[in-house]
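Trainee: I would like a close look at a single part of this model. Please take one aromatic side chain and work outwards from there.

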Amino acid sequence: QVQLVESGGGLVQPGGSLRLSCTVSRSIDSFYVMGWYRQDPGNQRALVAALSRGGGTNYADSVKGRFTVSRDNAKNMVYLEMNSLKPEDTAVYYCNAQVPDMGTMRSYWGAGTQVTVSS
């Protein structure tokens, strides 16, 4: 089992910045992909940013150039640096881990952290 705990959410003004953190309960060295998703009321959960074990990244078009995903394997942490925040970035943000397990890929989720961008 893998537990993920997000932190760092909150209320920020448009144009501001936040850094989200995801604490993982065990070593992430073997994790295939670590990612951040978001969901706001009335919409499905959608990918924001993902980072593979090999260092490849994938970002939603709406956040390219503003958000940066990173991982610290030594600390079992994943981060999402969010800059130039917009009201449309308001959502619950979830950390996700894709973990290989005996020939299959398991997906784990955190409980989410609320990000609200408002003046």
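Mentor: Start with R45, which lies over the face of W109, at 4.6 Å from the ring centre. The charged end of R45 also sits over the ring of Y94, 3.6 Å from its centre. Bear in mind throughout that this is a predicted model.

Now turn to W109 and its other ring neighbour. Two numbers are needed here, because a pair of aromatic rings is described by the distance of the centres and the angle of the planes. The count of aromatic pairs comes to 1. That pair is Y37 with W109: the ring centres are 4.9 Å apart and the planes stand at 70°, so the pair is edge-to-face. The angle decides the label, because planes over 60 degrees apart count as edge-to-face. In sequence the partners are distant, with Y37 in strand β4 (residues 33-39), W109 in strand β10, and their positions 72 residues apart.

How far are these two residues covered, buried or exposed or in between? Y37 has a relative accessibility of 21% and counts as partly exposed. The limit matters for Y37, because buried means under 20%. W109 is likewise partly exposed, at a relative accessible area of 37%.

Next, look at the backbone that carries W109. The bridge partner of W109, which is in β10, is N96. This bridge belongs with the pairing of strand β9 (residues 91-101) and strand β10 (residues 104-109), which runs in the antiparallel sense over 6 bridges. The two strands form a hairpin with 2 residues between them. In the turn, M102 has a positive phi of about 55°.

Further along the chain is T113, found in strand β11 (residues 113-117). In contrast to W109, which is partly exposed, T113 is buried, with a relative accessible area of 12%. A polar atom of the T113 side chain lies 3.3 Å from the backbone nitrogen of G9. Setting aside residues up to four places away in sequence, T113 touches E6, S7, G8, G9, L20, A91, V92 and Y93. Among them, A91, V92 and Y93 fall within the residue range of β9, 91-101.

For comparison, take a loop position. G56 is in the loop between β5 (46-52) and β6 (57-59). Its relative accessible area is 38%, and G56 is partly exposed. Beyond its neighbours within four places in sequence, G56 is in contact with A50 and L51. The C-alpha atoms of G56 and V33 are separated by 9.2 Å, with their positions 23 residues apart along the chain.

Finally, set these parts in the whole chain. There are 0 helices and 11 strands. The radius of gyration is 14 Å, close to the 14 Å that the globule rule gives for 119 residues, so the chain is as compact as a globular protein of that length. Along its principal axes the C-alpha trace spans about 45 × 25 × 25 Å. Of the 119 residues, 40% count as buried, T113 being one of the buried residues. Among contacts between residues at least 6 apart in sequence, 54% join residues at least 24 apart. The ring pair you began beside is a case of such distance in sequence, with Y37 and W109 72 residues apart.

Notes:
Residues are numbered from 1 along each chain as its sequence is written. This is a predicted model: local features need pLDDT of at least 70, side-chain atom pairs count only at pLDDT 80 or more; totals for chains, interfaces and linings use all residues. Side-chain values use heavy atoms; hydrogens and water are left out. Two strands pair if DSSP finds at least two bridges between them. Helices (H or I, at least four residues) and strands (E, at least two) are DSSP runs, numbered from the N terminus. Buried means under 20% relative accessible area, exposed over 50%, partly exposed in between (1.4 Å probe, protein chains only). A polar contact is a pair of N or O atoms within 3.5 Å; within protein, one must be able to donate a hydrogen and the other to accept it, and residues adjacent in sequence count only if both atoms are side-chain atoms. Contact means heavy atoms within 4.5 Å. Rings of Phe, Tyr and Trp (its six-membered ring) pair if their centres lie within 6.5 Å; planes under 30 degrees apart count as stacked, over 60 as edge-to-face and the rest as tilted. A charge sits over a ring if NZ of Lys or CZ of Arg is within 6 Å of the ring centre and within 35 degrees of the ring normal. The radius of gyration is taken over C-alpha atoms; the globule rule is 2.2 Å times the number of residues to the power 0.38.
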